[in-house]
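Here is a short briefing on one protein chain. Look at the model first, then work through the points below.

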Amino acid sequence: MQALVFNGPGQKRLEDRPIPELEAPGDAIVKVSRTTICGTDLHILKGDVPTCEPGRILGHEGVGVVDKVGAGVTAFRRGDHVLISCITACGRCEYCRRGMYSHCTTGGWILGNRIDGTQAEYVRIPHADTSLYPIPAGADEEAQVMLSDILPTGLECGVLNGKVQPGASVAIVGSGPIGLAALLTAQFYAPAQVIMLDSDSNRLEVARRFGATALVNATGDDAVKAVLQLTSGRGVDTAIEAVGMPASFATCQDIVAPGGVIANIGVHGTKADLHLERLWDRNIAITTRLVDTVTTPMLLKTVQSGKLDPAKLITHRFPLDRIVEAYATFARAANTGALKVVVTP
Ligand SMILES: [Zn+2]
Ligand SMILES: [Zn+2]
C-alpha cells in the first residue's frame with residue numbers, strides 16, 4: 001500500500017509499505033477513506049516531536065471502513081464506517097478511568113507518532129472498541145475527519161480549559177485550523193467578544209465569516225495594543241494560544257485580564273518565557289492539555305444536527321499519490337490559502 005513516511009526532520013516520502021496486520025486481540029485494521037494533514041505533522045517534520053522516529057507513517061486523523069477486527073473487538077465489525085480518534089484509549093487504565101485518554105498508559109497520542117498512522121491506505125488501530133466511533137449513516141465523510149482531532153482539540157484544550165463563559169471576552173492567538181476550530185466551538189458558550197489574531201489576512205477573513213467579532217492583523221506589541229484597545233484596556237477573560245511559538249505565548253500573557261485564563265493549545269518545540277514578575281498578582285490560570293477526545297460523541301451529534309459545520313474548514317483536496325504536493329500546499333498556507341487539506345487514498 002502507499003503511505004507517507006517520516007524519514008527524519010525535513011524528510012518525508014511516499015513509500016510502498018505492507019498492509020498492516022492485527023497484532024493484538026483488541027486491534028482493528030481500517031481501510032482509510034479520508035485523511036488530512038495537521039499542523040502537528042509539520043511540527044514532527046520540524047523535529048519538534050522526538051517520540052516520532054524515522055520510518056514512521058504519519059497521520060492521526062481520518063475516517064474509513066473496518067477491514068478486519070481482532071478476536072477481542074466487540075463493538076465493531078468488518079464493513080462498519082468509523083471515525084478514527086487521534087487519541088487511542090484502552091478504557092481501563094487509571095488515566096482512562098479518569099477520562100484522561102490522552103495519557104492512556106498503552107495509548108494516548110500514538111497514531112502517526114509512536115505507531116504508524118493514517119496517511120496510508122490502511123491503518124492498524126489498537127484498542128479499537130474505545131478508539132473508534134461509529135459514523136452515522138449518510139454523514140458527510142469529509143466533515144467527520146475534522147472530528148478526529150481539531151474540533152475536540154479546539155474545544156477541550158482551548159474553550160473548556162479556557163473557561164469560556166456567556167458574555168465573556170476571548171482572544172484566539174493564531175487563526176489556523178486549530179484557532180478556527182476553537183472559534184467555532186467557543187460559540188457554544190455565547191461569549192460577547194471573540195477577537196482573532198493572525199498575520200495572514202486571508203485566515204482573518206475566514207475567521208470573520210466563522211463568527212469572530214474583531215480581527216487583529218498584527219503580532220507582538222502592536223497585537224497587544226490592539227487587543228487592549230478592543231477591551232477598554234482590561235484584556236481578555238480567555239487568551240487561547242493556538243500557534244505553538246514563544247512569541248504567541250508571550251502575547252497571551254500580555255493580553256490576559258485579571259482573573260483570566262491562558263489556555264495553551266499549541267505544540268511547543270522550544271522553551272517559552274513565563275513572565276511571573278508581571279503575572280504573579282493577577283489571579284490568572286495557565287492550562288495545558290493534550291486533547292482527551294472526551295467531547296467527540298457530543299461533537300458528532302452537533303455536526304449531525306447541523307449545529308456545527310466543520311466541512312467549511314476544508315479548502316483543498318488531493319489523492320494520496322499527490323500527498324507530498326498536499327503537504328506543500330498546507331505548509332505554504334499564506335500563499336495558498338490552505339486550511340484543512342483532505343487526502344483520499
Ligand atoms: Zn491533528
Ligand atoms: Zn488507558
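Val236 stands opposite Val256 in β13. The strands involved, β12 and β13 (residues 256-264), pair in the parallel sense over five bridges. From β12 the chain crosses through helix α9 (residues 246-255) to β13, and this β-α-β crossover is right-handed. The model is a predicted one.

**Strand β12 and its other neighbour**

- Strand β12 covers residues 236-241, and six of its six residues are buried, so the rest of the structure largely encloses it.
- Strand β9 (residues 169-173) also pairs with β12; the two run parallel and are joined by four bridges.
- In that pairing, Ala171 has Ala239 of β12 as its bridge partner.

**The six-stranded sheet**

- What is the strand order of the open sheet of six strands? The order is β11-β10-β9-β12-β13-β14, with parallel pairing.
- β11 (214-216) and β14 (285-287) are the edge strands, and each pairs on one side only.
- From one strand to the next, the twist averages 20°.
- Strand β10 (residues 193-197) pairs with β11 in the parallel sense, over three bridges.
- Met196 stands opposite Leu215 of β11.
- Strands of a sheet pair through backbone hydrogen bonds, either parallel or antiparallel.

**Helix α9 in the crossover**

- Which residues of α9 are buried? They are Ser248, Phe249, Thr251, Cys252, Gln253 and Ile255.
- The cover over these buried α9 residues includes three strands, β9, β12 and β13.
- Helices α8 (220-230) and α10 (276-279) are also part of that cover.

**Arg282**

- Arg282 sits in the loop between α10 and β14.
- Is Arg282 buried or exposed? Arg282 has 13 other C-beta atoms within 10 Å, so it counts as partly exposed. The cut-off for exposed is 12 or fewer, and for buried 20 or more.
- Arg282 and Gly260 lie 22 residues apart in sequence, and their C-alpha atoms are 8.3 Å apart in space.

**The two domains**

- The chain is divided into domain 1 (2-149 + 292-344) and domain 2 (152-287).
- Taken over C-alpha atoms, the centres of domain 1 and domain 2 are 27 Å apart.
- How many residues does each domain give to the contact? Domain 1 gives 20 residues and domain 2 gives 15.
- On the side of domain 1 that touches domain 2, the elements giving two or more residues are α1 (39-46), α11 (296-304) and α13 (333-336).
- Helix α1 supplies the largest share of that side, four residues.
- The residues on that side of domain 1 divide into eight nonpolar, seven polar and five charged.

**Helix α1**

- The buried residues in α1 are Gly39, Thr40, Asp41, Ile44 and Leu45.
- Where do these residues pack? The buried residues of α1 pack against β1 (2-6), β2 (12-16) and α6 (177-186).
- Gly47 comes just after α1 and takes a positive phi of about 95°.

**The three-stranded sheet**

- Three strands form an open sheet in the order β2-β1-β4, and the pairing is antiparallel.
- Why do β2 and β4 (56-57) each have one side without a neighbour in the sheet? Both stand at the edges with a single partner strand, so one side of each is left free of a neighbour there.
- β1 and β4 run antiparallel and are joined by two bridges.
- Val5 stands opposite Ile57 in β4.
- In a regular strand the side chains alternate between the two faces of the sheet.

**Gln304**

- Gln304 belongs to helix α11, one of the elements that give two or more residues to the side of domain 1 touching domain 2.
- With 16 other C-beta atoms within 10 Å, Gln304 is partly exposed.
- Which residues does Gln304 touch, not counting those up to four places away in sequence? Gln304 touches Pro136 and Ala139.
- Gln304 and Asp16 are 288 residues apart in sequence, and 36 Å separate their C-alpha atoms in space.

Conventions: Residues numbered from 1 in each chain as written. Chains lettered and ligands numbered in written order. Predicted model: local features only at pLDDT ≥ 70, side-chain atom pairs only at ≥ 80, totals over all residues. Domains from an automatic or database assignment. Contact = placed C-beta atoms within 7 Å. Nonpolar A, V, L, I, M, F, W, Y, C, P; charged D, E, K, R; others polar. Pairing = 2+ DSSP bridges. Right-handed = clockwise from strand over helix to strand, strands pointing away. Axes fitted to C-alpha atoms, helices over the stretch in contact; angles between N-to-C directions.
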